[in-house]
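Please read this report alongside the sequence and the coordinates. It deals with one helix and with charged side-chain pairs.

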Amino acid sequence: MSAIVLTERQQAIAAMVREDGPISGNEIAGRLAVTRAALRSDLAILTMLGILDARPKIGYFYVGMETTDALQDAVRSLTVEHYLSQPVMLPAEASAYDATVLMFTEDVGTIFVGKPQNLEGVISRKDLLKVAIGKRELTTLPVSLVMTPCSRLIYAEPGDDILSAAQKMIDYEVDCLPVVDVIHDGAERRFSVRGRISKTNMARLLVDIGRGDKGE
């Protein structure tokens, strides 16, 4: 199992707290010449990994790397199928206008196109924004011309670990992944939709882990 690699800034934060802790988040930000908000994710990761801990009115203090492997094992044991959200789907014959309305009425950033047993593509806010900027007539534009087709689909499978799904979102700069069963039919393959997993799901899981719930 490969170890999680810290960024240069995360390493610098850990070293600073090891040498001078306890130290406040504002002081860390000041020394690194960044805003406190910019450090929020770094401090959350270091705390989640057990490298740092924090106490109100005291600040961050160094714990060490001793618990990192155990926490990595715990995170990697969490699979995508346990943290799904319901997918929002649109028929393939719908228009880009239909997709826009559905996206805002359901308050989601990604819509799946097709049927649950046969996913045909995915459409995001970015996809709709591109055609809107191009001044296309959304009411007559088929959603099939706007969506990302399954041939270029980035997806997760139910048994994938949470970390690999999160890494795909980062690598491909997407906000949501369809979670699918891949069904092979000779040389063809199709995708049966189980659900979706998004950055919101990941944020909620991070909060659960930070509170000691570990998503259970």
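The text below takes up the surroundings of a helix and then the salt bridges.

The model is predicted, so local features need pLDDT of at least 70 and side-chain atom pairs count only at pLDDT 80 or more, while totals for chains, interfaces and linings use all residues. Residues are numbered from 1 along each chain as its sequence is written, and side-chain values use heavy atoms, with hydrogens and water left out.

Helices (H or I, at least four residues) and strands (E, at least two) are DSSP runs numbered from the N terminus. In helix α3 (residues 40-48), the buried residues (under 20% relative accessible area, 1.4 Å probe, protein chains only; exposed is over 50%, partly exposed in between) are D42, L43 and L46. Because they cover an arc of only 95 degrees around the axis, they sit on the same side of α3, the arc being that of the directions from the helix axis to the C-beta atoms. These buried residues pack against α1 (8-20), α2 (25-32), β1 (52-55) and β2 (59-62), where contact means heavy atoms within 4.5 Å. Just after α3, G50 adopts a positive phi of about 80 degrees.

A salt bridge requires a side-chain nitrogen of Lys or Arg within 4 Å of a carboxyl oxygen of Asp or Glu, and by this rule there are six. Three of the pairs are listed here.

| Pair | N to O distance |
|---|---|
| R9 and D42 | 2.8 Å |
| R55 and D53 | 3.1 Å |
| R194 and D181 | 2.8 Å |

R9 in helix α1 and D42 in helix α3 are 33 residues apart; R9 is partly exposed at 33% relative accessibility, whereas D42 is buried at 7%. D20, E27 and R31 are joined in a network of salt bridges.
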